[in-house]
Amino acid sequence: MNTPVKQHLIDPEICIRCHSCEAACPIGAIEHDDRNVVVKADACNYCMSCIPVCPTGSIDNWRIVLSPFSLAEQYDWSELPPQGGAAGETVEATDPAVAALLAEAHAGSEGAARAPASASKPTINLYTAAKPVEAVVQGNYRLTAESSGADVRHIIFSFEGRPFPALEGQSLGVIAPGETIPRLYSISSPRDGERPGFNNVAITVKREPGGVCSNYICDLAKGDRVRIAGPFGATFLMPDEPRARLLMIATGTGAAPFRAFTMRRQRAAARGGDMTLFFGARAPDSLPYFGPLNKIPNRLLRKHMVFSRIPGAAKEYVQDRLLVEGEEIAEMLGDARTHIYICGLRGMEEGVEKAFVSIAESVGVSWGALRQVLREEGRYHVETY
Ligand code: NAP
């Protein structure tokens, strides 16, 4: 009899075919056709590079098998075979050796990104692309000036009587008419809803030229019915611990989850750790929530808004301002209560990392070592697209 081995698989029911995993795999072990994304069992070396980039968690699936499922079998699936099920060669998880292998597989993936220790337990994948929930549009408001050139919208969905338990930092997937794959958007309202007690959520969407889903969403009218999947995301969550300090860094619509974080703290009665936001946009009239943000008192949220395209002014990015505020950041980095969140353009990651290296070095700390501790403690979170 063959020795059981662990096989890395992708859940076709949950996967949104964004292909981030394929791009992240350093050895080309992931591929796709027009139906599924699959993992080559003979190539995957369990390096886990693909795990943190997956926005839905569909990548984090493992089966203990006697002989691995072939690519042809994986391409054919519309759902994953259960462990110990009749399909293929999976073996019973009740066998201690098999249970140990499964635990090892999941422990490996947990090392990649962790939720804060005090975060509430998220509900994930309650609704899928095949079985979405229908929501009703309650509002669609433009957040940016007509003259800004950026059409960014605040959209509110009501789930009426249906459950949609979402935590701050989670996302939902919108399925445009005629499409089968959801597009993901961060939820910008707190866990008790855009309006407490009304079972609704908000998202922040920028109209992209030629974008099928963003144009569909930006054109939605009150009363329209929309297919939604989710909630998604199990790590980019806020700590429930009220004394936790939040350092939030965003560009453009990447500020969506930070609106949710801020509203959660505003609504919670307990006063606790501080919140600091670095927020980059082209100009004030294209910065989503500029007006409401400015009304939040500094004692609740320290705001650093930076602009890259103000005529006559030097271009400024969030990482430039982090360096200017290096002393404040160094103090936060030295505090074990600090949680760091980065959300927005993929390109910002490198600049923000460099700023952290320089700030940490200025106080004699290795950023690489500190970031490792932050990750292990669920205090460092990146969501960039
Ligand atoms: P944007 O308006 O194109 O850019 C926002 C600001 O970031 C601009 O000032 C831009 O400057 C600056 N920027 C450009 N490159 C940068 C870099 N390398 N480092 C630091 N700053 C940089 O942004 P957007 O169109 O709103 O895009 C936001 C991103 O967030 C998208 O990729 C989106 O997918 C992602 N996101 C969205 C959500 C959501 O729920 N909607 C959630 C998470 C993430 P210049 O252009 O002037 O150079």
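Begin the tour by selecting strand E10, residues 225-232, in which Pro231 is found. The model on the screen is a predicted one. Centre the view on the bond that leads into Pro231: the peptide bond from Gly230 to Pro231 is cis, with omega near -10°. Most peptide bonds are trans.

**The whole chain**

Zoom out next and display the full protein as a cartoon. Its secondary structure comprises ten helices and 15 strands. The radius of gyration is 22 Å, close to the 21 Å that the globule rule gives for 385 residues, so the protein is as compact as a globular protein of that length. Along the principal axes, the C-alpha trace spans about 70 × 55 × 40 Å. If the view is coloured by accessibility, buried residues account for 51% of the 385 residues.

**The domains**

Colour residues 5-105 as domain 1, residues 133-232 as domain 2 and residues 245-384 as domain 3. A distance drawn between the C-alpha centres of domain 1 and domain 3 comes to 35 Å.

**The ligand site**

Now select the ligand. Between which domains does it lie? Domain 2 (133-232) and domain 3 (245-384) both contribute residues to the surrounding shell, so the ligand lies between these two.

Display the shell of 22 residues around the ligand; those that come nearest are Thr204, Lys206, Ser308, Arg309 and Tyr317. Sorted by class, the shell holds seven nonpolar, eleven polar and four charged residues.

Three contacts merit individual inspection:

- Select Gln319: one of its polar side-chain atoms lies 3.1 Å from a nitrogen atom of the ligand.
- Select Gly347: here a polar backbone atom is 3.1 Å from a nitrogen atom of the ligand.
- Select Tyr385: a polar backbone atom of this residue is 3.1 Å from an oxygen atom of the ligand.

With these contacts in view, switch on the ligand surface. Taken alone, the ligand exposes 930 Å², and the protein buries 83% of that area. To see which elements give two or more residues to the shell, highlight strand E8 (183-186), strand E9 (200-206), strand E12 (275-281) and strand E14 (338-344).

**Two loop residues with positive phi**

Leave the ligand and turn to the backbone angles. Most residues other than glycine have a negative phi. Two residues that depart from this pattern can be visited in turn.

Select Tyr46 in the loop between strand E3 (37-39) and strand E4 (61-65). The phi of Tyr46 is near 60°, a positive value in a residue other than glycine. Is Tyr46 buried or partly exposed? Its relative accessibility is 32%, so Tyr46 counts as partly exposed.

Proceed to Glu160, located in the loop between strand E6 (152-158) and strand E7 (171-175). Glu160 also has a positive phi, near 50°, although it is a residue other than glycine. With a relative accessible area of 41%, Glu160 is partly exposed.

**A buried threonine in a helix**

For the last stop, select helix H5, residues 256-267, and within it Thr262. What does the side chain of Thr262 reach? It extends to the backbone oxygen of Phe258, at 2.6 Å. Thr262 has a relative accessibility of 4%; the limit for a buried residue is under 20%, so Thr262 counts as buried.

Methods
Residues numbered from 1 in each chain as written. Predicted model: local features only at pLDDT ≥ 70, side-chain atom pairs only at ≥ 80, totals over all residues. Heavy atoms only, no water. Domains from an automatic or database assignment. Near = heavy atom within 4 Å. Polar contact = N/O pair within 3.5 Å; in protein donor to acceptor, adjacent residues only side chain to side chain. Areas by Shrake-Rupley, 256 points an atom, 1.4 Å probe, with all protein chains shown as cover. Helix = DSSP H or I, 4+ residues; strand = E, 2+ residues; numbered from the N terminus. Nonpolar A, V, L, I, M, F, W, Y, C, P; charged D, E, K, R; others polar. Rg over C-alpha atoms; globule rule 2.2 N^0.38 Å. Buried < 20%, exposed > 50% of the residue type's maximum accessible area, 1.4 Å probe, protein only.
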